[in-house]
Amino acid sequence: MTAATQMTPLRFGYLGEPRLLRGIENGALDLPRHRNVHGGIPDLNLQQLIDMCHAVSLAGRGGAGFSVAIKLASVRRGHRVVVINATESEPASFKDRLLMTLSPHLVLDGAEVVATALRSRDIHIAVHEESIAVGLRHAVAERPRGLRFRVHVIGGGFVAGEARSVVRALSGGEALPPGRRTLPTDKGVDGHPTFLSNAETFAQIASLVQMGVAGYASVGAHDERGTTLLTVNGAVEKPGVYEVPLGTSLGALLHSAGSHPVAGLAVGGYHGAWVTPRTEMPLSRAGLSKQGGVLGAGVVLVIDDSTCALGELARIGSWLSHQSARQCGPCMFGLPALTEDLVAIIRGKANAERPLFRHASMVSGRGACAHPDGAARFLTTGITALARDVDTHRRHGNCGRPLLGQLPIDRR
Amino acid sequence: MARLEIDWTRCEAHGLCAQVLPNVITLDEWGYPMIVQHKRSHDDDLTEQRRAVGVCPALALRVTREPTTHGQARHTRAPR
């Protein structure tokens with residue numbers, strides 16, 4: 001069920017029938033093999049595509065989970081542009097890199113379907129790593145001429161992968177969130193109306209139009225059909241990318257990934273939230289939000305009881321502080337303050353949670369992008385979910401466990 | 001409805017806006033503005049807001065008009 005990829009130490013696997021990860025056990029799918037595995041793509045007009053996305057409640061897979069149907073419908077008329085955001089700046093996530101490396105044509109098919117429906121000829125692909133760009137340029141060269149695919153390597157850290165940072169970078173600027181909030185669908189790359197979404201979203205669109213609504217909807221949660229890619233990372237025996245039907249239980253996923261007894265669980269990545277691990281918890285947007293979690297970019301992070309849980313949290317807090325682009329004051333000063341508050345909690349200071357929650361409320365909603373909001377959510381939900389550890393630290397000044405660094409912070 | 005919007009990439013915590021609009025803006029512990037009152041703007045409020053925009057040395061403030069459906073604006077005053 002799991003196979004080691006040649007490109008990375010991370011594995012991939014699936015629960016049930018794979019869709020996006022079909023046919024990649026023996027390595028990357030070139031165009032002929034891709035067509036064998038996935039077939040061709042139909043020509044759809046915009047309304048047909050919107051209807052199909054609407055019928056299965058397809059949500060974007062970059063983190064925000066916005067409705068693909070609504071985004072498609074809101075792209076302004078004009079010289080429309082399509083952008084595949086494959087930057088995957090979240091260090092705990094690997095799904096987009098896996099797709100772009102092993103099944104690039106599925107993503108490119110999805111982009112072609114969208115571009116055709118929007119009557120656009122320009123497709124930009126944004127990645128962070130030259131190694132991924134090389135494979136992509138090769139894949140693009142295999143495809144018949146017609147659409148203009150352009151691969152861009154854009155630099156930068158966590159916030160450089162945010163949609164409007166990517167739009168700005170593709171328009172010749174810095175890969176930083178702009179201060180004025182504009183919608184890419186209205187004014188995107190070079191001012192043109194732009195449909196931008198995450199790489200997996202395009203693969204899902206390709207899968208949807210190839211399978212049809214009924215086939216695509218044959219698995220999934222009742223309010224969101226199909227499968228999703230999850231990166232399981234941290235204290236598990238088989239970290240990697242898993243394709244699962246939406247609504248799959250947390251227990252089934254962790255069983256596949258080989259988890260030790262779970263001492264702490266965060267979902268959605270480093271802009272996500274810590275939740276109380278319950279084996280029956282359904283992995284879907286609605287299922288997780290009922291438990292105070294978020295699906296985000298599909299990251300499931302696990303720590304076990306051999307590491308200092310609060311130390312793990314503070315380590316991520318420090319990393320998140322350093323990922324601030326230092327453009328906006330509340331983020332630039334607030335995230336280090338939050339990290340200091342965490343250190344005070346670790347040292348067992350009494351009532352040390354109060355300044356943490358106060359600082360969290362002071363950074364939320366006060367930046368050009370959602371980095372301060374996401375970071376504050378990750379850190380405050382961590383303190384809430386790890387209440388027992390907070391108590392232990394308060395009573396003893398420590399928990400007696402070493403900080404192992406089970407949560408990944410940077411591969412590069 | 002008009003409201004004050006802060007461009008956080010420009011704001012440098014000069015704090016003049018809080019002096020012009022003490023009832024609307026307070027400063028956080030680092031000196032950055034916190035809009036404590038997002039209320040509906042009467043014409044005289046709008047004048048004050050425009051003054052705040054004018055005194056910001058970093059050009060970080062704007063008054064934006066939010067589109068509201070007809071008749072809705074009348075009822076949007078926040079309960080106090």
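Colleague: Which residue has its backbone nitrogen 2.9 Å from a polar atom of the side chain of A:Ser284?

Modeller: Keep in mind that this is a predicted model. A:Ser284 sits in the loop between β14 (282-283) and α10 (285-289) of chain A. A polar atom of its side chain lies 2.9 Å from the backbone nitrogen of A:Gly287.

Colleague: Thanks! Does A:Ser284 count as buried or exposed?

Modeller: Leaving aside neighbours within four places in sequence, A:Ser284 touches A:Ala221, A:Leu246, A:Gly247 and A:Leu295. Buried means under 20% relative accessible area. The value for A:Ser284 is 3%, so this residue counts as buried.

Colleague: Let's turn to the sheet. In what order do its 4 strands stand in chain A?

Modeller: Start from the edges, β5 (148-153) and β6 (194-198) of chain A, each of which pairs on one side only. The pairing is parallel and the sheet is open. Reading across chain A, the order is β5-β4-β3-β6.

Colleague: Which residue in β6(A) stands opposite A:Val83?

Modeller: Strand β3 (residues 81-85) of chain A is joined to β6(A) by 5 bridges, and the two run parallel. Across from A:Val83 in β6(A) we find A:Leu196.

Colleague: And which helix of chain A lies across β4 and β5, running at about 170° to β5(A)?

Modeller: Two helices are worth a look here. Helix α5 (residues 104-117) lies across β3, β4 (122-127), β5 and β6 of chain A, at about 155° to β3(A). The one running at about 170° to β5(A) covers residues 130-142 of chain A, and that is helix α6.

How values were computed: Residues numbered from 1 in each chain as written. Chains lettered and ligands numbered in written order. Predicted model: local features only at pLDDT ≥ 70, side-chain atom pairs only at ≥ 80, totals over all residues. Heavy atoms only, no water. Pairing = 2+ DSSP bridges. Contact = heavy atoms within 4.5 Å. Axes fitted to C-alpha atoms, helices over the stretch in contact; angles between N-to-C directions. Buried < 20%, exposed > 50% of the residue type's maximum accessible area, 1.4 Å probe, protein only. Polar contact = N/O pair within 3.5 Å; in protein donor to acceptor, adjacent residues only side chain to side chain.
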